[in-house]
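Here is a walk through a two-chain model, written for someone who would rather look than compute. Keep the viewer open while you read.

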Amino acid sequence: MYKIFEILSITITFYLFLFVIWTIFIVPIELSRDSLALGSLLFLPHAARVLPVVYFGPWALLGIIVAEYLCWYYIWPFDIFDRTGMGVLISSSAIAVTWGFFKLLDAELKPFGNLQNTNWKHLVIFIIFSALFNGLGNGAYYPTFGDSEAAPLISIRFVMGDIIGALVVIFFLAIFRKLTKDLT
Amino acid sequence: MKFLFRDSIVASLFYFTTFFFWVTFIVPLEQDFLQTSGSLLFLPAAGRILPVLFFGIKTMPALFLSSLIAWNFFWPYDLYEARNIGLLISFLAILIAWGIFKFLDAEISFDSKLKLSNWRHLVLFILLCSLLNGLLDGAYYSTDVNIINPFISLRFFVGDVTGTIFILVFCMLIVSAFDIKRN
């Protein structure tokens, strides 16, 4: 029980942190070009969906759902890009579906598995799969049921934003790890 | 060179077989919604994905040529105008998926971690090919051909996955049947 609580707190904190960083530094730049309504091209919080599930397992999914609702309903400060509850659910489901496929198809990311969570290349494969599921799901949902403007290329923008955002975060984490490894 | 020629011919024949099976048995059942949405059991997806897995990326030119011939000369209906750019995108999706697996240290072969002899690993590759094809072709058809259907990407993805797995199961049954006969 304590372990689950720990996983949930770390996941929610990590998501909140990346969401705030994205809202403060990336969103204003994209807002100035009116392109955000079709999906961000550098969606940093995607890393906070992928990494906890890869390293902590499926319990992190619960934390992701809670964090997404908190962020999009209570922290998101802009009027544009109305994020509906179903969109949040689709994003979380995309991670769950990806994790399920990797587990059931004998390719779960583990320290000593066929695909390893210590190998950044394998991590990138997981990110690509999750971004594609998220892009396809949300790309179909928003033009059909959402309030935002329909765009045929919304799926591609979602996929690109998720992949680039997650890679940037991983890159920064790697640099952070390298710089701080002597401090411990 | 000899193997390239042989593999290319086998791959092309495999593509034509899946194409004709699809046109003969599946398309007549799906005619009402095929124009705007894409097939939900697209067997030729197996014709282009499985040969790349088993014979290698070198069969891609032959497969692309086969698909051009099949769609431009053997497609018997007026509906669902297949654009050559759409075909090119489909093959690009396979090329990208193959590149992702190869360069991200997850190549599928008989002696690597992800094995050609493990059907689960094959399905993983099929999923990636179908996701990329759904995403790219869905975006292309929505913008260029002016088919406005937000679900087209999802339907392309589902059609490719079900079609490829259907053919994979069919091939496994045939192989099993021959084994039983031989024993």
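A term to start with: pLDDT is the predictor's confidence in each residue, on a scale from 0 to 100. You'll want it here, as this is a predicted model. Among the elements of chain B, helix 2 of chain B has the highest mean pLDDT, at 93, and helix 6 (residues 152-182) of chain B has the lowest, at 85. Over the whole of chain B the mean is 86, with 89% of residues at 70 or more. For the model as a whole, the scores are ipTM 0.86 and pTM 0.89. A word of caution that goes for any prediction: where pLDDT is low, don't read the coordinates in detail.

**The two chains**

Here is how the chains look on paper.

| Chain | Residues | Buried | Citation |
|---|---|---|---|
| Chain A | 184 residues | 45% | |
| Chain B | 183 residues | 42% | |

Chain A is built from 6 helices and 2 strands, and from its N terminus the order is α-α-α-α-β-β-α-α. Chain B has 6 helices and 2 strands too, and reading along its sequence gives α-α-α-α-β-β-α-α. Now take the contacts between residues at least 6 apart in sequence: in chain A, 72% of them join residues at least 24 apart. For chain B that share is 72%.

**Helix 2 of chain B**

How far apart should the ends of helix 2 of chain B be? Its 12 residues, at 1.5 Å a residue, should span 16 Å, and the end C-alpha atoms are 17 Å apart, so the two agree. This helix is mostly covered, with 11 of its 12 residues buried. The buried ones include Arg48(B), as well as Ile49(B), Leu50(B), Val52(B) and Phe55(B). Just after the helix comes Gly56(B), which has a positive phi, near 100°.

Pro44(B) belongs to this helix, which covers residues 44-55. Is Pro44(B) buried or exposed? It counts as buried, because it has 28 C-beta neighbours inside 10 Å, and 20 is enough for that label. Setting aside residues up to four places away in sequence, Pro44(B) touches Tyr15(B), Thr18(B), Phe19(B) and Trp22(B). For a longer view across the chain, try Ala139(B): Pro44(B) and Ala139(B) are 95 residues apart in sequence and 20 Å apart in space, C-alpha to C-alpha.

**Where the chains meet**

The contact between the chains takes 26 residues from chain A and 26 residues from chain B. On the chain A side, the elements that give two or more residues are helix 5 (120-145) and helix 6 (154-180) of chain A. Helix 5 of chain A gives the most, with 13 residues. By class, the chain A side has 17 nonpolar, 7 polar and 2 charged residues.

**The nonpolar core**

Which residues touch the most other members of the largest nonpolar core? They are Leu132(A) and Phe125(B), in a core of 98 residues. The element that gives the most to this core is helix 5 (residues 119-143) of chain B, with 14 residues. To see contacts on both chains from a single spot, click on Leu132(A): leaving aside neighbours within four places in sequence, Leu132(A) is in contact with Val159(A), and with Leu131(B), Leu132(B) and Leu135(B).

Terms used. Residues numbered from 1 in each chain as written. Chains lettered and ligands numbered in written order. Predicted model: local features only at pLDDT ≥ 70, side-chain atom pairs only at ≥ 80, totals over all residues. Helix = DSSP H or I, 4+ residues; strand = E, 2+ residues; numbered from the N terminus. Contact = placed C-beta atoms within 7 Å. Nonpolar A, V, L, I, M, F, W, Y, C, P; charged D, E, K, R; others polar. Expected span 1.5 Å × (residues − 1). Core = buried A, V, L, I, M, F, W, Y, C linked by C-beta atoms within 7 Å.
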